[in-house]
Amino acid sequence: MQPTAILQMARGKGKTIPIKLLSTAGTGYFYTTRRNVTRTPEKFKFVKFDPVVRRRVLFTEHKIK
C-alpha cells in the first residue's frame, strides 16, 4: 500500500482581528474578543461587568500588544 497524500488548498487571510476591551473604570480589567474589520469599521464600546469595582462599566476597544 502506498501512502495517500492529502492536498490542502491555500486559504486566504481571515478578516477578524483579536482585540482587548479595557475597562474605563481604571482597574486594568479587560475582556478579549474578535472583531470583523470589514463589517464593523468603528471601534467597539460595550457596557459589561467589571468584577474589581463590582459594577457595569463602559469597556472600550484597544489593540492587543
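Rings of Phe, Tyr and Trp count as a pair here if their centres lie within 6.5 Å. Keep that cut-off in mind, since Tyr29, Tyr31 and Phe59 form one aromatic cluster under it. We'll come back to that cluster after a look at the fold around it. One caution before we start: this is a predicted model.

Let's begin with the overall layout. The protein has four strands and zero helices, and reading along the sequence gives you β-β-β-β. The radius of gyration is 19 Å, whereas the globule rule gives 11 Å for 65 residues, so the protein is more spread out than a compact globule. You can see this in the C-alpha trace too, which spans about 65 × 30 × 20 Å along its principal axes. Of the 65 residues, 17% are buried. The accessible surface adds up to about 6,000 Å², and carbon and sulfur atoms own 55% of that. As for how the chain meets itself, take the contacts with a separation of 6 or more: 36% of them join residues 24 or more positions apart.

Now for the inside. The largest nonpolar core has five residues, namely Ile19, Leu21, Phe44, Val57 and Phe59. Strand S1 (16–23) and strand S4 (55–63) each put at least two residues into this core. Val57 is a good one to click on. Leaving aside residues up to four places away in sequence, Val57 touches Ser23, Ala25, Phe46, Val47, Lys48 and Asp50.

Phe59, another core member, takes us back to the rings. The structure holds three aromatic pairs. One of them joins Tyr29 and Tyr31, with ring centres 5.5 Å apart and planes at 90°, so this pair is edge-to-face. Another joins Tyr31 and Phe59: the centres are 5.1 Å apart and the planes stand at 65°, which also makes the pair edge-to-face, because anything over 60 degrees counts that way. This second pair links distant parts of the chain, as Tyr31 belongs to strand S2 (residues 30–36) and Phe59 to strand S4, 28 residues apart.

How exposed or buried are the three rings of the cluster? Phe59 has 0% relative accessibility and is buried. Tyr31 is partly exposed, with a relative accessible area of 25%, and Tyr29 is also partly exposed, at 28%. The cut-off explains the labels: buried means under 20%, so Tyr31 at 25% doesn't qualify.

Two lysines are worth a look while you have the aromatic residues on screen. The charged end of Lys48 sits over the ring of Tyr31, 4.6 Å from the ring centre. Lys20 does something similar with Phe30, its charged end sitting over that ring at 5.0 Å from the centre.

Stay with Tyr29 for a moment. Tyr29 lies in the loop between S1 and S2, and its contacts reach well along the sequence. Not counting residues up to four places away, Tyr29 touches Leu21, Leu22, Ser23, Phe49, Asp50, Pro51, Val52 and Phe59. Asp50 makes a handy example: Tyr29 and Asp50 are 21 residues apart in sequence, yet their C-alpha atoms are 6.9 Å apart in space. Set that beside Lys13, which is 16 residues from Tyr29 in sequence but 30 Å away, C-alpha to C-alpha. Lys13 sits in the segment before S1, and with a relative accessible area of 80% it is exposed.

Is Arg35, a charged residue in strand S2, buried or exposed? Its relative accessible area is 8%, so Arg35 counts as buried, the limit being under 20%. Its neighbours are plentiful: setting aside residues up to four places away in sequence, Arg35 touches Lys15, Thr16, Ile17, Ile19, Thr40, Pro41, Glu42, Phe44 and Glu61. Two of these, Ile19 and Phe44, are members of the nonpolar core.

Arg54 is another arginine to inspect. Arg54 is in the loop between strand S3 (45–50) and S4, and at 67% relative accessibility it counts as exposed. Check the backbone there as well: phi of Arg54 is near 55°, a positive value in a residue other than glycine.

Definitions and conventions
Residues numbered from 1 in each chain as written. Predicted model: local features only at pLDDT ≥ 70, side-chain atom pairs only at ≥ 80, totals over all residues. Heavy atoms only, no water. Rg over C-alpha atoms; globule rule 2.2 N^0.38 Å. Buried < 20%, exposed > 50% of the residue type's maximum accessible area, 1.4 Å probe, protein only. Contact = heavy atoms within 4.5 Å. Areas by Shrake-Rupley, 256 points an atom, 1.4 Å probe, with all protein chains shown as cover. Core = buried A, V, L, I, M, F, W, Y, C linked by side-chain atoms within 4.5 Å. Phe/Tyr/Trp six-rings, centres within 6.5 Å; stacked < 30°, edge-to-face > 60°. Lys NZ or Arg CZ within 6 Å of the ring centre and 35° of its normal.
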